[in-house]
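Work through the exercises below with the structure in view, and try each task before you read its solution.

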Amino acid sequence: MILASHIIVSGLVGSAAKNYFAAAFFGFTSHYILDTLPHWDYSIDDFSPESPSGLFKTKNAWRNIAKLATDVAGGIIVLLILLNRIYQNNIENIAPVFIGAVFGVLPDALQLLYWKTKTPYLKWLSDIHAFTHSIFNKTKKTALPGLAYQIITIALVFIALKFF
Ligand SMILES: [Zn+2]
């Protein structure tokens with residue numbers, strides 16, 4: 001899933017968590033659940049397992065940074081808009097949202113760390129990540145249907161929080 005989808009869903013989940021630990025836990029696990037759904041990702045060649053070990057060393061580095069920044073910023077903006085719709089500006093504590101969102105993107109950061117370092121400490125986590133991607137993602141999705149799943153998932157989480 002693109003980072004925006006993870007930020008939005010894990011931030012929303014965090015907002016509903018009763019404490020910081022729960023926000024972190026549900027944010028983190030939501031990542032793997034989302035990754036099981038059929039989805040589309042854009043590729044960042046700097047981050048692929050095959051790329052040279054340094055980050056942003058390819059000739060597309062600036063384009064990759066711009067892609068990532070747009071993805072993250074877009075996710076934060078949509079998250080804030082949805083939170084505003086759910087809580088009508090009455091959110092008392094933004095910390096669980098922040099914690100949820102950070103833990104929601106953490107698996108991808110750890111994945112990158114694993115690809116770059118190949119540390120055995122992260123291999124099992126990388127295996128879990130690859131497994132979640134393999135469940136319903138048998139075929140490579142093109143952008144439109146692959147994004148549709150992400151939008152539907154976000155919509156369902158939003159509806160669950162707003163109306164239940
Ligand atoms: Zn992931």
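**Exercise 1.** In this predicted model, find the residue just after H3 and say which sign its phi takes.

*Solution.* The residue just after H3 is Gln88, and its phi is positive, at about 45°. Turning back to the helix itself, H3 has 27 residues, and from its first C-alpha to its last it reaches 39 Å, which is close to the 39 Å expected at 1.5 Å a residue.

**Exercise 2.** Which residues of H3 are buried, and what covers them?

*Solution.* The buried residues in H3 are Asp71, Gly75, Leu79, Leu82 and Leu83. The cover over the buried residues of H3 includes H1, H4 and H6.

**Exercise 3.** Decide how H1 and H6 are oriented towards each other, and name the residues that make their contact.

*Solution.* Begin with the geometry: H1 and H6 pack with their axes 10 Å apart and at an angle of about 15°. Because angles under 35 degrees count as roughly parallel, H1 is roughly parallel to H6. On the H1 side the contact is made by Ser5, Ile8, Val9, Leu12 and Ala16, while H6 contributes Gln150, Thr153, Ile154, Val157, Phe158 and Leu161. The crossing of H1 and H6 is left-handed.

**Exercise 4.** Which members of the largest nonpolar core touch the most other members, and which helix gives the most to this core?

*Solution.* Of the 23 residues in this core, Ile7, Ile8, Val9, Leu12 and Leu79 touch the most other members. Two or more residues come from each of H1, H2, H3, H4 and H6, and H1 gives the most, with seven.

Conventions: Residues numbered from 1 in each chain as written. Predicted model: local features only at pLDDT ≥ 70, side-chain atom pairs only at ≥ 80, totals over all residues. Core = buried A, V, L, I, M, F, W, Y, C linked by C-beta atoms within 7 Å. Buried ≥ 20, exposed ≤ 12 C-beta atoms within 10 Å, placed from the backbone. Helix = DSSP H or I, 4+ residues; strand = E, 2+ residues; numbered from the N terminus. Expected span 1.5 Å × (residues − 1). Contact = placed C-beta atoms within 7 Å. Axes fitted to C-alpha atoms, helices over the stretch in contact; angles between N-to-C directions. Parallel < 35°, antiparallel > 145°, perpendicular 65-115°, else oblique. Left-handed = near helix turned anticlockwise from the far one by under 90°.
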